[in-house]
Amino acid sequence: MARAFAKIAFTPNVVQAQNDWGAPDAYTRFLEGEVEAGADLGPDEAAFIAERDGFYQASVSESGWPYVQFRGGPTGFLKVLDARTLAYADFRGNRQYISTGNLAGNDRVSIILMDYPNQRRLKIWARAQIAEGDAAAGLIEQLHDPAYRARPERAVVLKLEAFDWNCPQHIPMRLTLEELEPHLQSLRAQIARLSDENERLKQASDAGKASGG
């Protein structure tokens with residue numbers, strides 16, 4: 001756990017809750033000393049992010065209400081530009097523009113990236129910048145996979161403030177159809193072998209009956 005994460009997440013009320021509910025001083029050491037803003041993403045984080053095809057993003061409205069949205073796209077559409085910068089192409093959706101509007105008033109976002117098969121999750125805190133129009137055309141082209149049939153309207157650039165790997169406890173194991181396919185292929189092959197063996201045994205039995213055996 002990094003100090004940058006603790007400084008953002010462990011507010012006085014959170015620390016009080018930790019003390020009240022049986023975790024006194026468990027995280028105090030992460031708040032000690034000066035904490036520089038941000039934290040560098042390493043190779044493990046970059047590889048994890050590159051393997052995701054979606055994430056949950058939270059923003060905050062002018063009225064103070066949080067809004068959580070699932071952002072999906074082709075695998076790796078959230079890209080690590082450098083150790084403290086991420087970006088993604090923002091595709092046209094239902095055109096409510098709630099997240100986009102929220103970011104105009106408050107640039108803070110929180111992101112959770114899930115790896116259900118391996119029961120892992122990565123939490124990210126960042127400041128978001130909207131890039132659009134002719135000035136962002138090159139960046140949007142860099143972020144957009146032309147093989148993905150969706151129209152990117154803008155780019156969202158995330159300046160990292162902190163990140164943390166969450167514990168795997170209570171994460172259900174789930175597989176997408178793509179992740180399940182190798183297991184299904186093995187089952188199909190096994191079923192085919194058993195069907196062939198069953199047919200051979202049936203033919204042998206029928207031949208035995210025909211010969212009076």
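Reader: Which elements each supply at least two residues of the lining of the largest pocket?

Author: Keep in mind that this is a predicted model. The pocket in question, the largest one, comes out at about 380 Å³. Its lining has 18 residues, and R52, D53, M114, T176 and E179 are the closest to the centre. As for elements giving at least two residues each, they are β1 (54-60), β5 (108-115) and α6 (177-210).

Reader: And which element gives the largest share of that lining in the largest pocket?

Author: Two strands and a helix are in the running, namely β1, β5 and α6. The largest share of the lining of the largest pocket is three residues, and the element behind it is β1.

Reader: How many charged residues are in the lining of the largest pocket?

Author: Split the lining of the largest pocket by class and you get seven nonpolar and four polar residues. The charged count there is seven.

Reader: What about the second largest pocket: which element gives the largest share of its lining?

Author: That pocket has a volume of about 280 Å³. Its lining has 21 residues, with Q69, R71, D90, F91 and G93 the closest to the centre. Two or more residues come from each of β2 (66-72), β4 (85-91), α4 (98-105) and β7 (152-166). The largest share, five residues, belongs to β2.

Reader: How many nonpolar residues does the lining of the second largest pocket have?

Author: Going by class again, the lining of the second largest pocket has seven polar and six charged residues. Its nonpolar count is eight.

Conventions:
Residues numbered from 1 in each chain as written. Predicted model: local features only at pLDDT ≥ 70, side-chain atom pairs only at ≥ 80, totals over all residues. Heavy atoms only, no water. 1 Å grid on protein atoms, 1.4 Å probe; cavity = no way out; pocket = protein on both sides within 12 Å on 5 of 7 lines; lining within 4 Å. Points joined across faces, edges and corners; volume = space filled by probe spheres on them. Helix = DSSP H or I, 4+ residues; strand = E, 2+ residues; numbered from the N terminus. Nonpolar A, V, L, I, M, F, W, Y, C, P; charged D, E, K, R; others polar.
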